[in-house]
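Dear colleague,

Please find below the structure I promised to hand over, together with its sequence. Once you have had a look at it, read on for an account of what was found.

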Amino acid sequence: MLEKASAPNDPARIINIGSIDGLRVPSLETFAYSSSKAGLHHLSRVLANHLGKRNVTSNTLACGPFESKMMAATLEAFGETIKAGVPLGRIGTPQDVAGACLFLSSRAGAYINGATIPVDGGSAIAAKL
């Protein structure tokens, strides 16, 4: 179905939602979560290589801290500390992820394939003393 939905300058898209914890070693002992996100990032690259030949792109968004059910308790307890560690000084919003998905799924993202794009306000590159 993906191949049938594609055109030479408008490939079909796969957009995986990963985590910056799959890019870096997190401070919490989230062994399974971190390794599964790293695996998802690599799976997306493997798909990009094999499906790109069939006019299907595969990319991943590596999300940082966002308000979600999974993060609710953590943000309640450590929200200000987490915000302080994000160079943009805030937690991500649904619009931040939606915008990245719109970019990848639009003509602007038609030649992006195999990328892992951090959507994290810069938290993955912030120095942790």
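Asn9 is found in the segment before strand 1, and in this predicted model Asn9 counts as exposed, because its relative accessibility is 55%, where exposed means over 50%. Leaving out residues up to four places away in sequence, Asn9 touches Arg107 and Ala110. Between Asn9 and Phe66 there are 33 Å in space, taken from C-alpha to C-alpha, and the two are 57 residues apart in sequence.

Ser6 also has its place in the segment before strand 1, a strand that covers residues 12-19. A polar atom of the Ser6 side chain lies 2.7 Å from the backbone oxygen of Glu3, and a polar contact of 3.4 Å joins the side chain of Ser6 to that of Asn55. If residues up to four places away in sequence are not counted, Ser6 touches Pro11, Ala12, Arg54 and Asn55. Asn55 itself is found in the loop between helix 1 and strand 2, and Asn55 has a positive phi of about 70°, although Asn55 is not a glycine.

It may help to step back to the whole chain at this point. The protein has three helices and three strands, and, read from the N terminus on, its elements run β-α-β-α-α-β. Its C-alpha atoms fill a box of roughly 50 × 25 × 25 Å along the principal axes, and of its 129 residues 36% are buried. Of the contacts in the protein with a separation of 6 or more, 71% are accounted for by residues 24 or more positions apart.

The sheet comes next. The three strands form an open sheet in the order 1-2-3, with parallel pairing. Strand 1 and strand 3, the latter covering residues 116-119, are the edge strands, each of which pairs on one side only, and from one strand to the next the twist averages 25°. As a general matter, the strands of a sheet pair through backbone hydrogen bonds, either parallel or antiparallel. Here strand 1 pairs with strand 2, residues 56-63, in the parallel sense over eight bridges, and within that pairing Ile14 stands opposite Ser58 in strand 2. Strand 2 pairs in turn with strand 3, again in the parallel sense, over four bridges, and the bridge partner of Ala62 in strand 3 is Pro118.

How do the helices lie with respect to these strands? Helix 1 lies across strand 1, strand 2 and strand 3, and runs at about 165° to strand 1. Helix 3, which covers residues 94-105, packs on the sheet and touches strand 1, strand 2 and strand 3, while its direction makes about 150° with that of strand 1. Helix 1, residues 31-52, also belongs to a right-handed β-α-β unit, which it makes together with strand 1 and strand 2.

Why can strand 1 be called largely enclosed by the rest of the structure? Six of its eight residues are buried, so strand 1 is largely enclosed in this way. Ser19, which lies in strand 1, counts as buried because its relative accessibility is 4%, where buried means under 20%. Apart from residues up to four places away in sequence, Ser19 touches Tyr33, Lys37, His41, Leu61, Ala62 and Cys63.

Cys63 also shows up among the residues of the largest nonpolar core, which has seven residues: Leu61, Cys63, Phe66, Val97, Ala100, Leu104 and Val119. Strand 2 and helix 3 are the elements that give two or more residues to this core, and helix 3 gives the most, with three residues. Leaving aside its neighbours within four places in sequence, Cys63 is in contact with Ile17, Gly18, Ser19, Ile20, Val97 and Val119, and of these Val97 and Val119 are also listed in the core.

As you turn the model on your screen, you might begin at Asn9 in the segment before strand 1, then follow strand 1 to Ser19, and finish at the core that includes Cys63 and Phe66.

With best wishes

Notes: Residues are numbered from 1 along each chain as its sequence is written. This is a predicted model: local features need pLDDT of at least 70, side-chain atom pairs count only at pLDDT 80 or more; totals for chains, interfaces and linings use all residues. Side-chain values use heavy atoms; hydrogens and water are left out. A polar contact is a pair of N or O atoms within 3.5 Å; within protein, one must be able to donate a hydrogen and the other to accept it, and residues adjacent in sequence count only if both atoms are side-chain atoms. Contact means heavy atoms within 4.5 Å. Buried means under 20% relative accessible area, exposed over 50%, partly exposed in between (1.4 Å probe, protein chains only). Two strands pair if DSSP finds at least two bridges between them. A crossover is right-handed if, with the strands pointing away from the viewer, the path from the first strand over the helix to the second runs clockwise. Axes are lines fitted to C-alpha atoms, for helices over the stretch in contact, and angles run from 0 to 180 degrees between N-to-C directions. A nonpolar core is a set of buried Ala, Val, Leu, Ile, Met, Phe, Trp, Tyr and Cys residues joined through side-chain atoms within 4.5 Å.
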